[in-house]
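This briefing introduces one protein chain to a reader who has not seen it before. Please look through the sequence and the structure, then read the notes grouped by topic below.

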Amino acid sequence: DAGGNFPMISMSSTEVSAPNYQTPSSATGRGTQVAAFSLAQVSESTNVQNTVNSLTITLRVNLRLEPGSTVTLSGLVGTTTPDGAVALVGADAGLFADTGSLVTLDAEAGAVVTLTVAHGQVVLPLTDVVVSFPIGNPSSAQPAQTIRFTATALPPAVGGVCPFSNLVPAYGHDLP
């Protein structure tokens, strides 16, 4: 026992909020696909209490995330990191605005970190994206937490025409 430290974090989720997207289909030429994460993982560098931890997220979505689209991690219960900006690092950090935004909702719900796709950047479909950010571990032991990934995808900002013909928004079909 390392002094009653809490269990390491590791989880996956699959929720993306976006319109259905029409994509090429070999059988019919067009099909509608529900927006989703095909991979969403979080891992941490340490589970030592009351120390700075590096959370690394790896995600892959099945649609293009345009500038202004967001990826949100929620359920970061017990963090000692104050509300505000969190520095993003890693090879894919440049896809997002310079910093993520951390807001603590309350002690029970925990903190939420929001990453916003930067102006002039896109997250391509089915591409692994990996970024890390520092976060303070709780000062006392707690059970493993469930971390939830969600995303909000904005449509392309090109006069109603998608820059890539394989992703044409099918407007009017919002996901719950």
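Among contacts in the chain between residues at least 6 apart in sequence, what percentage join residues at least 24 apart? The figure is 72%, where a contact means heavy atoms within 4.5 Å. The model is a predicted one, in which local features need pLDDT of at least 70 and side-chain atom pairs count only at pLDDT 80 or more, while totals for chains, interfaces and linings use all residues. Residues are numbered from 1 along each chain as its sequence is written, and side-chain values use heavy atoms, with hydrogens and water left out.

**Confidence**

- The mean pLDDT of the chain is 74, and 68% of the residues score at least 70; pLDDT is the predictor's confidence in each residue, from 0 to 100.
- Strand 10 (residues 129-136) has the highest confidence, at a mean of 92, and strand 12 (residues 168-174) the lowest, at 33.
- Over residues 160-176 the pLDDT is below 50, and the model gives this stretch 39 contacts beyond near neighbours in sequence.
- Residues 1-15 also stay under 50 in pLDDT, with 46 contacts beyond four places in sequence.
- Where pLDDT is low, the predicted coordinates should not be read in detail.

**Overall make-up**

- The chain has 12 strands and zero helices; both are DSSP runs numbered from the N terminus, with helices being H or I of at least four residues and strands E of at least two.
- Along the sequence the pattern reads β-β-β-β-β-β-β-β-β-β-β-β.
- Of the 176 residues, 42% count as buried; buried means under 20% relative accessible area, exposed over 50%, and partly exposed in between, with a 1.4 Å probe and protein chains only.
- The accessible surface of the chain is about 8600 Å², and 56% of that belongs to carbon and sulfur atoms; such areas come from the Shrake-Rupley method with a 1.4 Å probe, and for residues only the protein chains shown count as cover.

**The nonpolar core**

- The largest nonpolar core holds 32 residues; such a core is a set of buried Ala, Val, Leu, Ile, Met, Phe, Trp, Tyr and Cys residues joined through side-chain atoms within 4.5 Å.
- At least two residues of this core come from each of strand 4 (37-44), strand 5, strand 6, strand 9 (110-116), strand 10 and strand 11 (148-152).
- The residues with the most contacts inside the core are Phe37, Ile57, Phe96, Val123 and Phe133.
- Outside its neighbours within four places in sequence, Val123 has contacts that include Val61, Leu63, Leu95, Phe96 and Val129.
- In soluble globular proteins, nonpolar side chains tend to be buried together.

**The aromatic pair**

- The structure holds one aromatic pair; rings of Phe, Tyr and Trp (its six-membered ring) pair if their centres lie within 6.5 Å, and planes under 30 degrees apart count as stacked, over 60 as edge-to-face and the rest as tilted.
- Phe37 and Phe149 make up this edge-to-face pair, at 5.9 Å centre to centre and 70° between the planes.
- Phe37 belongs to strand 4 and Phe149 to strand 11, so the pair ties together parts that are 112 residues apart in sequence.
- Both rings belong to buried residues: Phe37 has 3% relative accessibility, and Phe149 has 0%.

**Residues in loops**

- Ser69 sits in the loop between strand 5 (52-61) and strand 6 (70-76) and is buried because its relative accessibility is 0%.
- The Ser69 side chain reaches the backbone oxygen of Glu66 at 2.9 Å, and Ser69 touches residues including Leu115, Val117, Thr152 and Leu154.
- Ala153, in the loop between strand 11 and strand 12, is buried at 6% relative accessible area; its C-alpha is 8.4 Å from that of Leu63, although the two are 90 residues apart in sequence.
- Thr146, in the loop between strand 10 and strand 11, is exposed at 65%.
- The C-alpha atoms of Thr146 and Gly75 are separated by 6.2 Å, with their positions 71 residues apart along the chain, and Thr146 touches both Ser74 and Gly75.
- Asn50, in the loop between strand 4 and strand 5, is not a glycine but has a positive phi of about 55°, and Asn50 is exposed at 55% relative accessible area.
- Leu126, in the loop between strand 9 and strand 10, likewise has a positive phi of about 55° without being a glycine, and Leu126 is exposed at 59%.

Terms used. A polar contact is a pair of N or O atoms within 3.5 Å; within protein, one must be able to donate a hydrogen and the other to accept it, and residues adjacent in sequence count only if both atoms are side-chain atoms.
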